[in-house]
Amino acid sequence: MHGLINRAIQCFVRDSYGQRRWVDVTRLAGLEIIDFEAMLHYEDSTTKALIAAIAKLLGVPEETVLEDLGTYLVSHPNVEALRRLLRFGGVNFVEFLHSLDDLPERARLAVDDLTMPGLELEEHSPEKFSLRCSYDYIGFGHVIIGVLRTMADDYGALVFLEHNGVEGGIEVIDITLIETAFASGRAFDLGARAE
């Protein structure tokens, strides 16, 4: 697994629950590593052990941890750059959804050896979509749900998201757009520089 992913998990736990809880997670996961380097690669089993340890310490399902991680990735001030990258996908939530197919390529522009989940959007009607997520780590679709929920809020859209399980190694997320302009959304200026 790319170090950026493990580093993101580390920052999520540290920023949400504190450094002491992060150290507890690494111990429970049986790891000697406390700080992950963003540009290194780690065994997939390390990432799985981290997620399992977080879930156990918090007393929640792994799916909840993964969804909270997705929310963190686009809402916490320490990772504002990712939100900006995603907002370049469109001026409204529907345009953003249609831009998801290109997200792995956009991410590789920043980090060429980062493997992102394959994302394929299918539009069933103007209000109903399915997003197919293919990745080596089954469960990553829950991270995508956290990202989608937060981005919908960011755009001011009201959506219903449902993880529909796994079909042939591909996670399916159903998206129902209830209202595109439910709230005012969060301000975004393409010309503004991230701080």
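**Exercise 1. Work out how α4 passes α8, and what angle and contacts go with that crossing.**

Step 1. Start with the hand: α4 passes α8 in a right-handed crossing. A crossing is right-handed if the near helix is turned clockwise from the far one by less than a right angle, and left-handed if anticlockwise. Helices here are DSSP runs of H or I with at least four residues, strands are runs of E with at least two, and both are numbered from the N terminus.

Step 2. Next, the geometry. The axes of α4 and α8 (residues 140–155) lie 7 Å apart, and the packing angle is about 45°. Axes are lines fitted to C-alpha atoms, for helices over the stretch in contact, with angles from 0 to 180 degrees between N-to-C directions.

Step 3. Classify the angle. Under 35 degrees counts as roughly parallel, over 145 as roughly antiparallel, 65 to 115 as roughly perpendicular, and the rest as oblique. α4 and α8 are therefore oblique to each other.

Step 4. List the residues that touch. From α4 the contact uses E63, L66, E67, L69, G70, T71, L73, V74 and S75, and from α8 H142, V143, I145, G146, V147, R149, T150 and M151. Contact means heavy atoms within 4.5 Å.

A word on the model before going on: it is predicted, so local features need pLDDT of at least 70 and side-chain atom pairs count only at pLDDT 80 or more, while totals for chains, interfaces and linings use all residues. Residues are numbered from 1 along each chain as its sequence is written, and side-chain values use heavy atoms, with hydrogens and water left out.

**Exercise 2. Repeat the analysis for α2 and α3.**

Step 1. The two helices pack at an angle of about 120°, and their axes are 8 Å apart.

Step 2. α2 and α3 are therefore oblique to each other.

Step 3. The crossing of α2 past α3 is right-handed.

Step 4. On the α2 side, R21, W22, D24, V25 and L28 take part; they meet L50, A53, I54, K56, L57 and L58 in α3.

**Exercise 3. Check the length of α1, then find what covers its buried residues.**

Step 1. The expected span of a helix is 1.5 Å times one less than its number of residues. For the 15 residues of α1 (residues 3–17) this gives 21 Å, and the end C-alpha atoms are 21 Å apart, which agrees.

Step 2. Buried residues of α1 are G3, I5, N6, A8, I9, Q10, C11, F12 and V13. Buried means under 20% relative accessible area, exposed over 50%, and partly exposed in between, using a 1.4 Å probe and protein chains only.

Step 3. The cover over these residues includes α2 (19–28), α3 (44–58) and α4 (62–75).

Step 4. Zoom in on I5: its relative accessibility is 17%, so I5 counts as buried. Leaving aside neighbours within four places in sequence, I5 is in contact with T47 and Y135. Its C-alpha atom is 9.5 Å from that of H41, 36 residues apart in sequence.

Step 5. Look just past the helix: G18 follows α1 and has a positive phi, near 100°.

**Exercise 4. Lay out the sheet and trace its pairings.**

Step 1. Four strands form an open sheet in the order β1-β2-β4-β3, with antiparallel pairing. The edge strands, each pairing on one side only, are β1 (118–123) and β3. Two strands pair if DSSP finds at least two bridges between them.

Step 2. Count bridges. β2 (residues 128–134) and β4 (residues 170–179) share seven, and eight join β3 (residues 158–167) to β4.

Step 3. Find the register. F129 stands opposite I175, V166 opposite E171, and E167 opposite I170.

Step 4. Inspect the turn. The hairpin of β3 and β4 has two residues between the strands, and G168 there takes a positive phi near 60°.

**Exercise 5. Is I178 in strand β4 buried or exposed, and which residues does I178 contact?**

Step 1. I178 has a relative accessible area of 54%, so I178 is exposed.

Step 2. Beyond neighbours within four places in sequence, I178 is in contact with L158, V159 and F160.

Step 3. The C-alpha atoms of I178 and A157 are 7.7 Å apart, with their positions 21 residues apart along the chain.
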